[in-house]
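This briefing covers a surface patch and some backbone angles in one model. The points are grouped by topic.

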Amino acid sequence: MRRYAALRLAQAAGVLWAAYTVSFLVLDLLPGDPVSAMAGQGADQAGIDPAQIARLKSEYGFDEPVPVQYAHHLGRALRGDLGDSVSAGRPVTSVIGEALPSTLQLVAAGLALAVLLGGGLALAATYTSRRWLRQLLLSLPPLGVSVPAFWAGLMLVEVFSFRARLLPAFGNGGPRGLILPAVTLAIPTGAVVAQVLAKSLLTTLDEPYVQTARAKGAGRPRIHLRHALRNASLPALTVVGVLVGQLMANSVVTETVFSRNGLGRVTAAAVTAQDIPLVQGVVVFGALVFVLVNLAVDLVYPLLDPRIAAAGGRRWSPA
């Protein structure tokens with residue numbers, strides 16, 4: 001188990017370093033620079049003082065060669081310093097920290113709702129003995145996957161806010177204001193969970209040990225929930241870890257649709273302002289969340305199936 005955990009920690013560190021490096025190189029290749037954009041905001045570009053541009057570039061380190069910038073910023077990142085936001089004039093960690101609670105609340109609510117809805121749908125579809133009902137329930141996840149997040153959000157606002165007037169449409173209005181954004185995030189994510197879990201359950205229910213349990217007189221609820229669900233949940237657990245990244249990405253669209261203050265709106269504003277340090281900080285933070293969640297999933301795997309640790313850490317892959 002120690003070797004398994006050490007291997008997963010090393011892989012997590014490698015993924016985080018790769019995310020930082022790729023984001024640094026991609027952002028460096030973008031046309032324009034944030035200093036010129038900041039200095040020319042609301043002014044005539046031809047009237048920008050070159051000395052001011054040079055001073056700002058020196059202050060933010062954009063006048064150094066790319067390898068030197070990379071080494072300098074990577075060293076600071078290892079110490080927990082992601083630099084200063086060009087547009088906000090404050091440390092990137094401070095800007096992210098202010099927007100983080102709202103986004104984490106939204107992502108956590110969306111993920112919990114997706115697991116409940118997707119898991120419940122998969123259990124209902126595989127438990128029922130009525131063929132027509134099973135086919136109907138299994139046809140819902142592909143529909144949910146194909147629905148764009150922004151369209152689902154707009155439809156929810158139209159129905160539950162503008163027409164029924166049951167829930168607030170915009171803003172960070174407490175628990176009631178979280179319901180529609182969380183449902184918007186949960187629809188495509190829960191559909192994927194339902195697809196994977198339903199397929200895995202149908203396969204597991206045909207396994208010999210399940211047939212043996214039936215022959216011994218075990219009831220359907222016991223077979224479904226105790227014998228089949230534990231093994232069938234492994235692929236779905238892996239997918240949930242992968243979908244955390246998708247939830248973080250969808251939160252950008254969702255927070256824009258519902259006018260919520262959070263990391264999504266900070267990212268959109270940073271991209272518009274070409275604020276490279278802030279954009280990279282958001283990318284690195286998203287990668288950190290993704291890595292930590294998948295690391296937790298990896299460490300939970302041996303608890304569900306001890307054979308994984310004994311086999312050297314190989315786990316089910318979505319591929």
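Helix H8, spanning residues 149–163, supplies the largest share of the nonpolar patch, with four residues. The model is a predicted one. Away from the patch, positive phi values occur at Arg165 and at Ser259, neither of which is a glycine.

**Nonpolar patch**

- The patch covers about 470 Å² of surface and is formed by Phe150, Trp151, Leu154, Met155 and Val253.
- One of these residues, Leu154, has its place in helix H8.
- Leu154 counts as partly exposed because its relative accessibility is 44%, between the limits of 20% and 50%.

**Arg165**

- Arg165 is found in the loop that runs between H8 and helix H9 (174–204).
- The phi angle of Arg165 is near 55°, which is positive although the residue is not glycine.
- Most residues other than glycine have a negative phi.
- With a relative accessibility of 68%, Arg165 is classed as exposed, since the cut-off for that class is over 50%.

**Ser259**

- Ser259 sits in the loop between helix H11 (220–257) and helix H12 (263–272).
- Its phi is near 50°, again a positive value in a residue other than glycine.
- Ser259 has a relative accessible area of 32% and is therefore partly exposed.

Methods: Residues are numbered from 1 along each chain as its sequence is written. This is a predicted model: local features need pLDDT of at least 70, side-chain atom pairs count only at pLDDT 80 or more; totals for chains, interfaces and linings use all residues. Side-chain values use heavy atoms; hydrogens and water are left out. Patches are made of residues with over 30% relative accessible area and no salt bridge: like charges are joined within 9 Å, nonpolar side chains (Val, Leu, Ile, Met, Phe, Trp, Tyr) within 5 Å. Accessible areas come from the Shrake-Rupley method with a 1.4 Å probe; for residues, only the protein chains shown count as cover. A salt bridge is a side-chain nitrogen of Lys or Arg within 4 Å of a carboxyl oxygen of Asp or Glu. Helices (H or I, at least four residues) and strands (E, at least two) are DSSP runs, numbered from the N terminus. Buried means under 20% relative accessible area, exposed over 50%, partly exposed in between (1.4 Å probe, protein chains only).
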